[in-house]
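Here is a predicted model, taken up through a short exchange on why its features carry the labels they do.

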Amino acid sequence: MNPIYERNRTVTVRLAHPGDVEAMRAIRNHAIKHSTALWTQTPQSPTEGVAWLAAHLARGSAFVAEVEGEVAGFAVYGPWRELEGYRHTMEDSVYVCEGRHGLGVGSALLTALITSAREVGHHVMIAGIEAENTASIRLHERFGFHHVGTVPEVGTKFGRWLDLTIMRLPLT
């Protein structure tokens, strides 16, 4: 058995702060390099990481999960589209550090995102997930997100076309 599953580990979620930027950027850049969770192959620079996190901190929409005092994942939500007609619809992003899957980190982070978005009065949360990312799809289903469509071949990475599954959760 994998040692990470052998003992009970407490996951603590808190609001992110500026000092979390490098841990969050490392997780994000690992996902860029090794997965289809982010449809880019360009790592986030330190300057871009600071600006990206600052936007989420201003909204109060960035969270980190810690396991044994170390950042084990992060989650953010932000506007689904920039036009004001979409202002009540948010899109979520949840990332778990390599080696920390299966500990409840993703669930704890998604709980924090949904709670926060509801508390500030958002109406809907959208998840845009690469269609073969069954772990993320299952996570979102467990929280009540419903599949509303899959758009075939709208992205490309690692030399192949990617399908985008769109899921929706009413918040009000």
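Q: What phi does Glu68 take in the hairpin of S2 and S3, and how many residues lie between the strands?
A: In this predicted model, the hairpin has 2 residues between its strands, and Glu68 takes a positive phi near 55° there.

Q: How do you know that strand S2 (residues 62–67) and S3 pair, and in which sense?
A: Two strands count as paired if DSSP finds at least two bridges between them, and S2 and S3 have 6 bridges in the antiparallel sense, so the criterion is met. Within this pairing, Val64 stands opposite Phe74 in S3.

Q: What makes S3 and strand S4 (residues 89–96) a pair?
A: The requirement is again at least two bridges; S3 and S4 are joined over 7 bridges and run in the antiparallel sense, with Val76 opposite Ser93 in S4.

Q: Why is strand S3 (residues 70–79) called largely enclosed by the rest of the structure?
A: A residue is buried when its relative accessible area is under 20%, and 7 of the 10 residues of S3 are buried, so the strand is described as largely enclosed.

Q: Why is Gly85, in the loop between S3 and S4, called exposed?
A: The label exposed needs a relative accessible area over 50%, and because Gly85 has 67%, it counts as exposed. Gly85 and Arg14 are 71 residues apart in sequence and 30 Å apart in space, taken from C-alpha to C-alpha.

Q: Which strand does Arg14 face across, and how many bridges join S1 to S2?
A: Arg14 stands opposite Val64 in S2, and S1 is joined to S2 by 5 bridges in an antiparallel arrangement.

Q: What makes strand S1 (11–15) and strand S6 (146–157) the edges of the sheet?
A: The open sheet has 7 strands in the order S1-S2-S3-S4-S5-S7-S6, with mixed pairing. S1 and S6 each have a single partner strand, so one side of each is left without a neighbour in the sheet. Neighbouring strands of this sheet are turned by 25° against each other on average, direction ignored.

Q: Why is the aromatic pair of Trp80 and Tyr86 called edge-to-face?
A: The search of the whole structure finds 3 aromatic pairs. In the pair of Trp80 and Tyr86 the ring centres are 5.6 Å apart and the planes stand at 85°; because pairing asks for centres within 6.5 Å and edge-to-face for planes over 60 degrees apart, both conditions hold.

Q: Why do Trp80 and Tyr86 count as partly exposed?
A: Partly exposed covers what lies between the limits of under 20% for buried and over 50% for exposed, so Trp80 at 24% falls in that range, and Tyr86 at 35% does as well.

Q: How do you know that Arg81 lies over the face of Trp80?
A: The distance limit is within 6 Å of the ring centre, and Arg81 is at 4.3 Å from the ring centre of Trp80. Arg28 likewise lies over the face of Trp52, at 5.0 Å, and Trp52 is linked with Phe74 and Tyr95 into a cluster by ring pairs.

Q: Why is helix H3 (residues 105–119) called oblique to helix H4 (residues 134–142)?
A: The helices pack at an angle of about 50°, with their axes 11 Å apart. That makes H3 oblique to H4, because the angle is neither under 35 degrees, as roughly parallel would need, nor within 65 to 115, as roughly perpendicular would need. The crossing of H3 past H4 is right-handed.

Key: Residues are numbered from 1 along each chain as its sequence is written. This is a predicted model: local features need pLDDT of at least 70, side-chain atom pairs count only at pLDDT 80 or more; totals for chains, interfaces and linings use all residues. Side-chain values use heavy atoms; hydrogens and water are left out. Rings of Phe, Tyr and Trp (its six-membered ring) pair if their centres lie within 6.5 Å; planes under 30 degrees apart count as stacked, over 60 as edge-to-face and the rest as tilted. Buried means under 20% relative accessible area, exposed over 50%, partly exposed in between (1.4 Å probe, protein chains only). A charge sits over a ring if NZ of Lys or CZ of Arg is within 6 Å of the ring centre and within 35 degrees of the ring normal. Helices (H or I, at least four residues) and strands (E, at least two) are DSSP runs, numbered from the N terminus. Axes are lines fitted to C-alpha atoms, for helices over the stretch in contact, and angles run from 0 to 180 degrees between N-to-C directions. Angles under 35 degrees count as roughly parallel, over 145 as roughly antiparallel, 65 to 115 as roughly perpendicular and the rest as oblique. A crossing is left-handed if the near helix is turned anticlockwise from the far one by less than a right angle, and right-handed if clockwise.
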